[in-house]
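Dear colleague,

Here is the structure I said I would pass on. My notes on it follow below the model.

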Amino acid sequence: MQPADLAEVLRIQAACFTELVPESEASLAAKLRAAPAHCWVATASAEPASPLAAYLFALPWQAESPPLLDAPDCSLPAQPDCLYLHDLSVDPQARGRGLAQALVQRFLERLEASGLNRACLIAVQNSSDFWGRWGFQPSPLAASLSDKLSSYGPDVAYLERRAPVPQAV
């Protein structure tokens with residue numbers, strides 16, 4: 001993802017988020033500046049002029065303290081303990097083409113390469129079943145985490161996925 005992609009990211013986000021207020025361009029730009037190697041976009045076709053159709057924002061983070069929704073700035077923690085999947089959205093017109101699968105696979109590859117032992121996310125808009133297919137499971141919540149989840153709208157769940165343990169050779 002590049003800063004020039006943010007206008008299309010905002011368009012896709014607005015089309016996808018129906019139960020919560022989409023994040024601002026400033027908030028998304030801050031996340032992209034903080035972790036550019038963990039933010040990706042996908043197009044609906046291989047044509048050079050094909051518009052963006054999906055995106056994923058991830059951040060090396062602290063599991064017990066996910067970033068606030070629509071925060072105006074983003075500073076990565078000095079010692080992250082998870083790869084936090086902040087947002088995945090696919091333009092409704094481009095669904096069914098494997099874009100979400102491709103982006104999640106890229107995220108999981110980055111998780112494995114990062115040396116972090118888990119991935120975390122906040123599932124919104126009743127998306128827990130989707131994330132369960134990728135191995136994300138509900139995680140016990142600390143009181144401080146429960147308070148933060150309320151800013152993500154109704155029907156949210158905090159989910160984690162443990163990274164595969166490297167096999168001894």
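His38 is in contact with Leu56, Phe57, Ala58, Pro60, Leu83 and Arg110, leaving aside its neighbours within four places in sequence. This residue sits in the loop between helix 2 and strand 1. His38 counts as buried because its relative accessibility is 13%, under the 20% cut-off. Please keep in mind throughout that this is a predicted model.

One of the contacts of His38, Phe57, has a long list of its own. Not counting residues up to four places away in sequence, Phe57 touches Met1, Leu6, Val9, Leu28, Lys31, Leu32, His38, Cys39, Tyr84, Leu85, His86 and Asp87.

Phe57 also belongs to the largest nonpolar core, which has 29 residues. Within that core, Met1, Leu6 and Phe57 touch the most other members. Two or more residues each come from helix 1 (6–16), helix 2 (25–34), strand 2 (52–61), strand 3 (82–90), strand 4 (118–123) and helix 5 (143–149). Strand 2 gives the most, with five residues. Another core lies apart from this one; it has 28 residues, among them Leu56, Leu85, Leu116 and Leu159. Leu56 is thus a member of the 28-residue core and a contact of His38, while Leu85 is a member of that core and a contact of Phe57.

Next, helix 2. Its buried residues are Ser27, Leu28, Ala29, Ala30, Lys31 and Leu32. Lys31 is thus on the buried list, and Phe57 touches Lys31 as well as Leu28 and Leu32. The cover over the buried residues of helix 2 includes helix 1, strand 1 (39–43), strand 2 and strand 3.

Ser27 lies in helix 2 and counts as buried, since its relative accessibility is 0%. Not counting residues up to four places away in sequence, Ser27 touches Asp70 and Ala71. Ser27 and Tyr55 are 28 residues apart along the chain, and their C-alpha atoms are separated by 15 Å.

Asp70 is worth a look for its backbone. Most residues other than glycine have a negative phi. Asp70 is not a glycine, yet its phi is positive, at about 60°. This residue lies in the loop between strand 2 and strand 3 and counts as partly exposed, at 33% relative accessibility.

Asn126 also has a positive phi of about 60° and is not a glycine. Its place is the loop between strand 4 and helix 4 (128–132). With a relative accessible area of 54%, Asn126 is exposed.

As for the chain as a whole, there are five helices and six strands, in the order α-α-β-β-β-α-β-α-β-α-β from the N terminus on. The radius of gyration is 15 Å, close to the 15 Å that the globule rule gives for 169 residues, so the chain is as compact as a globular protein of that length. Along its principal axes the C-alpha trace spans about 45 × 40 × 30 Å. Buried residues make up 45% of the 169. Of the contacts with a separation of 6 or more, 69% are between residues 24 or more positions apart.

On the surface, the protein chain exposes about 8,700 Å², of which carbon and sulfur atoms supply 54%. There are 12 positive and 18 negative side chains, and the centres of the two sets lie 4 Å apart.

Regards

How values were computed: Residues are numbered from 1 along each chain as its sequence is written. This is a predicted model: local features need pLDDT of at least 70, side-chain atom pairs count only at pLDDT 80 or more; totals for chains, interfaces and linings use all residues. Side-chain values use heavy atoms; hydrogens and water are left out. Helices (H or I, at least four residues) and strands (E, at least two) are DSSP runs, numbered from the N terminus. The radius of gyration is taken over C-alpha atoms; the globule rule is 2.2 Å times the number of residues to the power 0.38. Buried means under 20% relative accessible area, exposed over 50%, partly exposed in between (1.4 Å probe, protein chains only). Contact means heavy atoms within 4.5 Å. Accessible areas come from the Shrake-Rupley method with a 1.4 Å probe; for residues, only the protein chains shown count as cover. Lys and Arg count as positive and Asp and Glu as negative; His and the chain ends are not counted. The place of a charge is taken as NZ of Lys, CZ of Arg, CG of Asp or CD of Glu. A nonpolar core is a set of buried Ala, Val, Leu, Ile, Met, Phe, Trp, Tyr and Cys residues joined through side-chain atoms within 4.5 Å.
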